[in-house]
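Here is a walk through one protein model. Keep the structure in view and follow along.

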Amino acid sequence: MDNQTPHLSLPLPNPGNSLAEDVLRIRDAFTTLDQKMASLDALLSSDDLNLDTVQELVAAVKRARGDIDAAAGQFTEQKRIVDAQLQILTALASAGL
């Protein structure tokens with residue numbers, strides 16, 4: 001299943017997916033978030049004349065922060081789902097199934 005976050009279109013794990021499939025989706029999502037953070041870091045250290053006012057810089061930081069907060073909330077929920085799947089798989093493996 002190809003669920004994505006509404007704002008950044010980050011790939012989301014899904015209970016119907018295999019664990020191997022979801023690990024790759026989580027990896028892609030973290031890579032995208034890392035790129036967003038790199039952009040934010042570059043923005044904060046920029047000498048760009050278009051960002052010459054504090055207000056423009058604050059607005060850019062707030063836009064990026066909202067994206068990060070939204071994604072973090074979604075990852076927390078998806079981590080809970082993946083952790084539950086891992087518990088089930090561990091129990092099955094322990095039972096020899």
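The paragraphs below go from a helix to its core, then to a cavity and two backbone details.

The model is predicted. Begin with helix α2, which covers residues 54-94. α2 holds 41 residues. From its first C-alpha to its last it reaches 58 Å. That is close to the 60 Å expected at 1.5 Å a residue.

Now look at the side of α2 that is hidden. Its buried residues are Ala-60, Ala-64, Asp-67, Ala-71, Phe-75, Gln-78, Ile-81, Val-82 and Gln-85. What do they pack against? The buried residues of α2 pack against α1. A general point about helices helps in reading such a list. An α-helix has 3.6 residues a turn, so residues three or four places apart point the same way.

Two of these buried residues also belong to the largest nonpolar core: Ala-71 and Phe-75. That core has six residues, and the others are Leu-8, Leu-10, Ala-29 and Leu-33. Two elements, α1 (19-44) and α2, give two or more residues each to this core. In soluble globular proteins, nonpolar side chains tend to be buried together. Find Phe-75 next. Leaving aside neighbours within four places in sequence, Phe-75 is in contact with Leu-10, Ala-29, Phe-30 and Leu-33.

Move along α2 to Gln-78. Is Gln-78 buried or exposed? Gln-78 counts as buried because its relative accessibility is 10%, and the cut-off for buried is under 20%. Its contacts lead out of the helix. Not counting residues up to four places away in sequence, Gln-78 touches Leu-12, Pro-13 and Asn-14.

Next comes the empty space. The count is one cavity of 30 Å³ or more. The largest cavity has a volume of about 40 Å³. Which residues line the largest cavity? They are Thr-5, Pro-6, His-7, Leu-8, Leu-10, Asp-67, Ala-70, Ala-71 and Gln-74. By class, this lining has five nonpolar, three polar and one charged residues. Leu-8, Leu-10 and Ala-71 appear in this lining, and these residues are also part of the largest nonpolar core.

Finish with the backbone. Ser-9 sits in the segment before α1. Ser-9 has a positive phi of about 55 degrees, although it is not a glycine. With a relative accessible area of 40%, Ser-9 is partly exposed. A second positive phi comes after α2. There, Gly-96 follows the helix with a phi near 80 degrees.

Conventions
Residues numbered from 1 in each chain as written. Predicted model: local features only at pLDDT ≥ 70, side-chain atom pairs only at ≥ 80, totals over all residues. Heavy atoms only, no water. Helix = DSSP H or I, 4+ residues; strand = E, 2+ residues; numbered from the N terminus. Buried < 20%, exposed > 50% of the residue type's maximum accessible area, 1.4 Å probe, protein only. Contact = heavy atoms within 4.5 Å. Core = buried A, V, L, I, M, F, W, Y, C linked by side-chain atoms within 4.5 Å. Expected span 1.5 Å × (residues − 1). 1 Å grid on protein atoms, 1.4 Å probe; cavity = no way out; pocket = protein on both sides within 12 Å on 5 of 7 lines; lining within 4 Å. Points joined across faces, edges and corners; volume = space filled by probe spheres on them. Nonpolar A, V, L, I, M, F, W, Y, C, P; charged D, E, K, R; others polar.
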